[in-house]
Amino acid sequence: MVLAGRSRPVSSTPPASLTPSRSGARLTRRHFIGATALQAAAAAGLTSISAPASAADRSAASGDSFPAVVVGSGYGASVAALRLGEAGVNTLVLEMGRLWDEAAADGRIFCDMINPDRRSMWFKDRTEAPLDSLLWLDIVNRDIERYPGVLDRVHFGEMSVYVGRGVGGGSLVNGGMAVTPARGHFEKVLPGVDSGEMYGTYFPRARAMLGVNSIDTDYFGDSDYYRFARLARDQAHNAGLSTVYVPNVYDFGYMEREERGDAAKSALAGEVIYGNNHGKRSLDKSYLAAALGTGKVTLRTMRQVERIEQGADGGYTLTVKEIDENGSVVARTEVSCTHLFLGAGSLGTTELLLRARDTGALPGLSPDLGTGWGPNGNIMAGRANHPWNPTGSKQSSIPVLAIDDWNHPAHPVFAEIAPLPAGIETGISLYLAITDNPERGSFSLDPATGELRLDWRREQNAPAVTAAKSLLDRVNRANRTEYRYDLFGDDRAFADDFCYHPLGGCPLGVATDGYGRLRGHRNLYAVDSSLIPGSIGVNPFVTITALAERNVARVLAEDVVPGLRGA
Ligand code: FAE
């Protein structure tokens, strides 16, 4: 397998968002060709995008039949698309969201968090920001026009889940925190995976491909935009806790130029959960650009896979719904393939498989499908600071520091020090705590409506709240501070009813074999967050990417490439 990072770098001037930075992330010829294809397609308003390919290649993907189809375009899907393309396999990627690469009338691709508009959310009448009130006032969220915006909040009975929609999936909306889990925890969660191979090969490969870099500590120490994080760091230290810098895929060299006034502001202009206009190396600028650059990968957007069936020849047929900007169905088509890679995320992949199993389309799928779901122990909370300890009206939207108390004997917590870029002094220190909550939920389909259900009760988050509280109580005691009770719409100090990190539903080694091959049906693979059983102890996308690299390498070598050779 050829790593795109080892390919020849291009000599022409790359787009700013792909410029190599101090991390050593390198722009390759493949990225450049792919990124150009993405930009050209966006400018032309196309929903089917591919880089130039030879006539022979085109005929190999004749009709609507491809050797491989990838569903979704988040982390796992992007890895699959790139590695299939590099192996010479004609591959179709189907993504239900938009390609976010075209400026709207205001000259920007994405909207910011302070003035959200229709670009913010996936077909909603009002924004649904995680922190939804300030001083109990409903001043955070806005009415918006329904549109295929970039962030979705999917509501289940007692838990709601944030996910990204569009080419790049969660990478478009997330905070970019690129954390490798503690090896001991990884081994506990995924005992069947060779951790030596992961930490020696696949984690480094994922970090290099994603363009992970770290903030310059002098810049961090001086910037007005990180006053909030320095204050929270000092308060953690007052409580005897340690903090760690957290790597990110946001280009910190770019951020420094933003602060100097040499580059358009993104992180320093309150952009993140509704997309970053600059600076962030989302997947469309890394893996997916490289995938398209192979000339073997075609991407179709605004296409939601609804149904999967298997024919007598063992191949798969997908029913695909194409929608327009109003959400109206433009067409329903069928696509067939030999190898099917599901990268629609914990919710999307699990739903497709449950539907296929329960309708009898793929009856052999495991009875354990839908199990092992968890919110990665996510709990959000805010603390109130004294007036003499301002957090700053200027805040970078990119978190770079966390309180690392993962070795606590009873309550392990990794608490990201989160920004609150409101443009005013709020006096709030905000945290997204990741805890080791052992509780698990499960997905099923509602027999009456056929809709996805999540069996997760609010009280299952009690262990996570206890752990987050144990940590933040210590911080409050040491600094004579209190919680904020005005941030989550009612009087709660701890937001325990939503998560950013849905994990599981198709657990590795349970619903699949040890490499993501679905039990019961050949040539069918899960490649995304659905494989990780509920917890990984840190922000998950580096793990999702590295695991996909490992699994796809094996599947390519054993299933796909021998098949192409007619073996
Ligand atoms: P994901 O990225 O969710 O992509 C799935 C894609 O499939 C999406 O583009 C969907 O639109 C598409 N899709 C779904 N169903 C279908 C269908 N039926 N047909 C066609 N397309 C479909 O999958 N993680 C970190 O490590 N660090 C962070 O700082 C961080 N911050 C976050 C902040 C926010 C606000 C959110 C929402 C998440 C954050 N995460 C973070 C979590 C991270 O983004 C998430 O774990 C990954 O994106 C999951 O990757 P998957 O490959 O599973």
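This report looks at three parts of a predicted model: the surroundings of its ligand, one helix, and one lysine in a loop.

## The shell around the ligand

In this predicted model, the ligand is surrounded by 36 residues, and the closest of them are Glu 95, Gly 170, Met 177, Ser 529 and Phe 541. Sorted by the character of their side chains, the residues of this shell divide into 15 nonpolar, 17 polar and four charged. Domain 1 (16–100 + 282–372 + 504–566) and domain 2 (113–192 + 214–271 + 374–498) each give at least three residues to the shell. Several helices and strands take part as well, since at least two residues of the shell come from each of helix 3 (75–86), strand 5 (160–164), strand 8 (303–310), helix 10 (345–358) and helix 12 (541–564). The largest share, three residues, is supplied by strand 8.

## Polar contacts with the ligand

Backbone atoms of the protein come within reach of oxygen atoms of the ligand at several places, and one of these is Phe 541, where a backbone N or O atom lies 2.7 Å from a ligand oxygen. Gly 170 likewise has a backbone N or O atom 2.9 Å from an oxygen atom of the ligand, while a polar backbone atom of Gly 176 is 3.3 Å from a ligand oxygen. On its own the ligand has 1000 Å² of accessible area, and the protein covers 95% of that area.

## Helix 8 and its two ends

Helix 8 runs through residues 252–260, and its buried residues are Phe 252, Gly 253, Tyr 254, Met 255, Glu 256 and Glu 258. Part of what covers these buried residues is helix 6 (217–222).

At the start of helix 8, a side-chain oxygen of Asp 251 comes to within 2.9 Å of the backbone nitrogen of Gly 253. Just after the other end of the helix, Gly 261 takes a positive phi of about 85°.

## A buried lysine in a loop

Is Lys 124, which carries a charged side chain, buried or exposed? Lys 124 has a relative accessible area of 12%, and because this lies under the 20% limit, the residue counts as buried. Lys 124 sits in the loop between strand 3 (91–94) and strand 4 (151–155).

Leaving aside residues up to four places away in sequence, Lys 124 touches Ile 144, Glu 145, Arg 146, Asp 152, Arg 153 and His 155. With one of these, Arg 153, there is also a polar contact, in which a polar atom of the Lys 124 side chain lies 2.8 Å from the backbone oxygen of Arg 153.

Terms used. Residues numbered from 1 in each chain as written. Predicted model: local features only at pLDDT ≥ 70, side-chain atom pairs only at ≥ 80, totals over all residues. Heavy atoms only, no water. Buried < 20%, exposed > 50% of the residue type's maximum accessible area, 1.4 Å probe, protein only. Helix = DSSP H or I, 4+ residues; strand = E, 2+ residues; numbered from the N terminus. Contact = heavy atoms within 4.5 Å. Polar contact = N/O pair within 3.5 Å; in protein donor to acceptor, adjacent residues only side chain to side chain. Near = heavy atom within 4 Å. Areas by Shrake-Rupley, 256 points an atom, 1.4 Å probe, with all protein chains shown as cover. Nonpolar A, V, L, I, M, F, W, Y, C, P; charged D, E, K, R; others polar. Domains from an automatic or database assignment.
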